[in-house]
Amino acid sequence: AGAAAAAAAPAAAPKPGKSDVVQVPHFGSLAAVNPTRDIPLTKMRAIIGKRLLESAQTTPVFFVTQKIEMDKLGAVRAELNRAAGYKISVNDLIVKAVAYALRQYPVINSSFHGDFIRENANIDICVAVAIPDGLITPIVKNADQKGLGAISQEIKALVGKAKAGKLAPEEFQGGTFTISNLGMFGVDAFTAIINPPQAAILAVGGTSTELYLDENGTPKERQVMKVTLSADHRVIDGAQGAQFLGGLKDLLQNPVWLML
């Protein structure tokens, strides 16, 4: 009887292995439910809202998006980091490439002033930085005249000062062109609002893997990044925006030019 009972009993379910366990996140249990509250606008948030609303309402904007292959840039960046002994980011390389491209296409480095357009001789690139109170854009001045190492160190110092609230007015007021990079947050692509009186802003997405067919029809992988130019049509025409992005693409896909 005992043997028959044992035979009839179902076999014990195997314990799941580590790879069989599905971890389901319980987002609702991670954070407490906060009461509704009214948050007064800080001075910075009020200024951001006023300027960007003005830009969105009064600027005739068009958008141009370009896809850029990043494999060569990644290899060059890795080599630079080994040689330099400190980290040069993808954003540092983008700032340098944008500065070179702006020198080649100066209309993109312009600003609109009502009854005239100013084509700026200096290339002062604003780098958008998120801080607790909002957004601030410290400036890498004369970026086209600086090497990658100098740009990298300057951006690190400016970002640190921005997050500590210690930027001097001349370090974030002005600028001739802005770069906003959300790639580190996993964003594929987005459009950004122009910072007036600047005529354009570049929105940078993250790098992702793409399958493609080589010249022999063989499937291969490559790293790609999307950038989108928002441009003021009172200053810049569509073809000019496309030419600028084409020049930027050439620089980033042939990064040895950035070493010259």
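How do the residues of the lining of the largest pocket divide into nonpolar, polar and charged? Keep that question in mind while we look around the whole chain, and then we will come back to the pocket.

What you see is a predicted model, so let us begin with how confident the predictor is. The mean pLDDT of the protein chain is 89, with 88% of residues reaching 70 or more. Residues 1–11 are a stretch to treat with care: their pLDDT is below 50, and the model gives them zero contacts beyond near neighbours in sequence.

Now for the overall build. The protein chain holds six helices and 10 strands. Of its 260 residues, 36% count as buried. Try following the contacts, too: among those with a separation of 6 or more, 65% join residues that are 24 or more positions apart. On the outside, the accessible surface comes to about 15300 Å², and carbon and sulfur atoms account for 57% of that area.

Time to return to the largest pocket, which contains about 1300 Å³ of space. It is lined by 49 residues, and those closest to its centre are Ala128, Val129, Leu135, Ile136 and Thr137. Several helices and strands supply at least two lining residues each, including α4 (90–104), α5 (148–163), β8 (177–181) and β9 (200–213). The strands β5 (129–131) and β6 (134–136) are also among these suppliers. The largest share comes from α2, with six residues; you can find this helix at 43–58.

And the answer to our opening question? The lining of the largest pocket has 25 nonpolar residues, 20 polar ones and four charged ones.

Definitions and conventions. Residues numbered from 1 in each chain as written. Predicted model: local features only at pLDDT ≥ 70, side-chain atom pairs only at ≥ 80, totals over all residues. Heavy atoms only, no water. 1 Å grid on protein atoms, 1.4 Å probe; cavity = no way out; pocket = protein on both sides within 12 Å on 5 of 7 lines; lining within 4 Å. Points joined across faces, edges and corners; volume = space filled by probe spheres on them. Helix = DSSP H or I, 4+ residues; strand = E, 2+ residues; numbered from the N terminus. Nonpolar A, V, L, I, M, F, W, Y, C, P; charged D, E, K, R; others polar. Buried < 20%, exposed > 50% of the residue type's maximum accessible area, 1.4 Å probe, protein only. Contact = heavy atoms within 4.5 Å. Areas by Shrake-Rupley, 256 points an atom, 1.4 Å probe, with all protein chains shown as cover. pLDDT = per-residue confidence, 0-100.
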